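This report goes through one protein model part by part. Keep the sequence and the 3D view open while reading.

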Amino acid sequence: MRTVLIVEDDLVNARVFSKILTKRGGLNVKHTENVEEVMKIAHAGEADVILMDVSLSRSVYQGKAVDGIKITQMLKADPKTAKLPIILVTAHAMAGDRESFLDQSGADGYISKPVVDHQEFVDSITALLPKETGKE
């Protein structure tokens, strides 16, 4: 089963995303806002795609405050995790934000909150999942 890592500091959003992805998408879900844990899961290959909240308000990594953009940049700069698809999720959905966030972070996709169309949400995530090779 494919696994989506949800990096989100709002528990309500995390629960909603998790429910949509497991019920409608048939996906396995992990959730954390702990940056060390995100790095560990990414490096261990325990996630097939990451949903990354842009404005993580409480996240700290190596003593510095980091947001979803910074975490995405770190993952994309590391050859071991560079190919891991990352989708930014944000309530900051003003004109130009999408392009700006994608350019800054190197992320593979962008979804604005609130998620209204659940099927579109699942489809945009499953579209970025690496193709299965020799499994199932």
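What covers the buried residues of α4? The cover includes α3, β6 and β7. The model is a predicted one, and the sections below start from this helix and then move to other parts of the chain.

## Helix α4

Four residues of α4 are buried: Asp97, Phe101, Leu102 and Ser105. They sit on the same side of α4, because the arc they cover around the axis is only 125°. The general rule behind such a pattern is that an α-helix has 3.6 residues a turn, so residues three or four places apart point the same way. Just after α4 comes glycine 106, with a positive phi of about 80°.

Phenylalanine 101 belongs to helix α4. Its relative accessibility is 13%, and the cut-off for buried is under 20%, so phenylalanine 101 counts as buried. Leaving aside neighbours within four places in sequence, phenylalanine 101 has contacts with Val54, Ile69, Leu88, Thr90, His92 and Tyr110. One of these partners, threonine 90, is 11 residues away in sequence, and the two C-alpha atoms are 9.7 Å apart in space.

## Helix α3

Helix α3 covers residues 68-77, and its buried residues are Gly68, Ile69, Ile71, Thr72, Leu75 and Lys76. These residues are on the same side of α3, because they cover an arc of only 165° around the axis.

Which elements do the buried residues of α3 pack against? They pack against two helices, α2 (35-43) and α4 (97-105), and two strands, β3 (49-53) and β6 (86-90).

## Aspartate 53 and valine 7

UniProt lists Asp53 under "modified residue: 4-aspartylphosphate", in an unreviewed entry. In the model, aspartate 53 is part of strand β3. Is aspartate 53 buried or exposed? Its relative accessible area is 3%, so aspartate 53 is buried. Apart from neighbours within four places in sequence, aspartate 53 is in contact with Val7, Glu8, Asp9, Gly68, Val89 and Lys113. Among these, Gly68 is also one of the buried residues of α3.

Valine 7 lies in strand β1, which runs over residues 3-7. With a relative accessible area of 1%, valine 7 is buried. Outside the four places on either side in sequence, its contacts are Thr32, Glu33, Val38, Ile50, Leu51, Met52, Asp53 and Leu56. Valine 7 and lysine 64 are 57 residues apart in sequence, and their C-alpha atoms are 17 Å apart in space.

## The largest pocket

The largest pocket has a volume of about 160 Å³. Which residues line the largest pocket? The lining consists of Tyr110, Ile111, Ser112, Pro114, Val115, Val116, Asp117, Glu120, Phe121 and Ser124. By type, six of the lining residues are nonpolar, two are polar and two are charged. Strand β7 (109-112) and helix α5 (118-126) each supply at least two residues of this lining.

Proline 114, one of the lining residues, is in the loop between β7 and α5. The peptide bond that joins lysine 113 to proline 114 is cis, with omega about 0°. As a general point, most residues other than glycine have a negative phi, and most peptide bonds are trans.

## Two loop residues

Glutamine 62 is in the loop between β4 (60-61) and β5 (64-65). Its phi is near 50°, which is a positive value in a residue other than glycine. Glutamine 62 has a relative accessibility of 62%, so it counts as exposed.

Glycine 45 is in the loop between α2 and β3. Glycine 45 is also exposed, at a relative accessible area of 54%. Along the chain, glycine 45 and glutamine 62 are 17 residues apart, and 21 Å separates their C-alpha atoms.

## The annotated domain

UniProt places the feature "domain: Response regulatory" at residues 3-128, again in an unreviewed entry. In the model, this span is 40% helix and 22% strand. The C-alpha atoms at the two ends of residues 3-128 lie 12 Å apart.

Terms used:
Residues are numbered from 1 along each chain as its sequence is written. This is a predicted model: local features need pLDDT of at least 70, side-chain atom pairs count only at pLDDT 80 or more; totals for chains, interfaces and linings use all residues. Side-chain values use heavy atoms; hydrogens and water are left out. On a 1 Å grid over the protein atoms alone, a cavity is a set of points where a 1.4 Å probe fits but cannot get out, and a pocket is an open set with protein on both sides within 12 Å along at least five of seven lines; lining residues have an atom within 4 Å of a point. Grid points are joined across faces, edges and corners, and a volume is the space filled by probe spheres set on the points. Ala, Val, Leu, Ile, Met, Phe, Trp, Tyr, Cys and Pro count as nonpolar, Asp, Glu, Lys and Arg as charged, and the others, Gly among them, as polar. UniProt positions are given in the numbering used here, feature names are shortened, and annotations may be inferred rather than shown by experiment. Buried means under 20% relative accessible area, exposed over 50%, partly exposed in between (1.4 Å probe, protein chains only). The arc is that of the directions from the helix axis to the C-beta atoms. Contact means heavy atoms within 4.5 Å.
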